[in-house]
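Please follow this explanation with the sequence and the structure side by side. It proceeds from the strands to the domains and then to the ligand.

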Amino acid sequence: MSDPNRPFTDEERAGLYRAIFERRDVRSQFLPDPIPRPVLARLLKAAHHAPSVGFMQPWDFILIDSLDVRQQVLASYHEENAKAANNYSGERQETYRSLKLQGIIESPMNLCITCDRSRGGSHVLGRSSIVEMDLFSTCLAVQNLWLAARAEGIGVGWVSIVDQTKLAGILNLPDNVYPLAYLCLGYVSEFLDQPELQAKGWRSRLPLTELMHGNRWGQPMDDETLLNALKS
Ligand SMILES: Cc1cc2c(cc1C)N(C[C@H](O)[C@H](O)[C@H](O)COP(=O)(O)O)c1[nH]c(=O)[nH]c(=O)c1N2
């Protein structure tokens, strides 16, 4: 085993930041090429090394290649997306309808990362006050997989416009298992240089400096050095 206390090289550090900044949510650029099993194994291992409350590891991974299952999930997406479009009107609704918000069939595989809310028994260390900590832990597994996938040249798209009860039914989940993230995975023709929602004029990245507070919510930050560094 290598020394865990050795410092990251400049190259290693750059690689990590590159994965963070160049990770994209992908829905339009999937290629049909299958993901080699050793690569998929690395992604799942990365997810499984996420931190979790009380080391609960509440996740399971459902690998979906069945067209029948995917078509059922897609049907739920279409139902939910039609409802979602009604939240907007006029030009905004037209823009919403023009957005492609899933790649369920075009991607070579779908993956559902679930959260077993009963894993580890009724007293999980660190979860006694805030019960949702298991869900948050599972989100971290998703993010680990998302970043590892980017480093492997694989795109990931999260599809949350589905009815979660229907999704649980389609995937035959037990009552205690929550379908936390329905993901589409595959190699891509390109990674966009900015979020697709930003490129399409839906919403832009907020300036980080406007999200900084000093000591309490709403109090201005007076650390000029930090603020200037964040602007660059
Ligand atoms: C919890 C959650 C849920 C969803 C998403 C993300 C997350 C974190 N995103 C992707 C989202 O739109 C995207 O992350 C942002 O637009 C920022 O773009 P990048 O991820 O940086 O490319 C997403 N995208 C999409 O096309 N359909 C969807 O249903 C969802 N749902």
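Two strands are said to pair if DSSP finds at least two bridges between them. In general, the strands of a sheet pair through backbone hydrogen bonds, in either a parallel or an antiparallel manner. In this predicted model, strand β2, residues 109-116, and strand β4, residues 177-187, run antiparallel and are joined by 7 bridges. One residue of strand β2 may serve as an illustration: M109 has L185 in β4 as its bridge partner.

This pair belongs to a wider arrangement. An open sheet is formed by 4 strands, with antiparallel pairing, and their order is β1-β2-β4-β3. At the edges stand β1 (59-64) and β3 (154-158), each of which pairs on one side only. On average, neighbouring strands of the sheet are turned by 30° against each other, direction ignored.

How is the protein chain divided into domains? The domain assignment gives domain 1, covering 24-201, and domain 2, covering 205-232. Their C-alpha centres are 31 Å apart. A separate description comes from UniProt, where an unreviewed entry carries the annotation "domain: Nitroreductase" for residues 21-187. Within that span, helix accounts for 41% and strand for 18%, and the end C-alpha atoms lie 18 Å apart.

The ligand remains to be considered. Which residues surround the ligand? They are R24, D25, R27, L101, Q102, W158, V159, S160, I161, P195 and L197. By character, this shell divides into 6 nonpolar, 2 polar and 3 charged residues.

Notes: Residues are numbered from 1 along each chain as its sequence is written. This is a predicted model: local features need pLDDT of at least 70, side-chain atom pairs count only at pLDDT 80 or more; totals for chains, interfaces and linings use all residues. Domain bounds come from an automatic or database domain assignment. UniProt positions are given in the numbering used here, feature names are shortened, and annotations may be inferred rather than shown by experiment. Helices (H or I, at least four residues) and strands (E, at least two) are DSSP runs, numbered from the N terminus. A residue is near a molecule or strand if its C-beta atom, placed from the backbone, lies within 6 Å of it. Ala, Val, Leu, Ile, Met, Phe, Trp, Tyr, Cys and Pro count as nonpolar, Asp, Glu, Lys and Arg as charged, and the others, Gly among them, as polar. Axes are lines fitted to C-alpha atoms, for helices over the stretch in contact, and angles run from 0 to 180 degrees between N-to-C directions.
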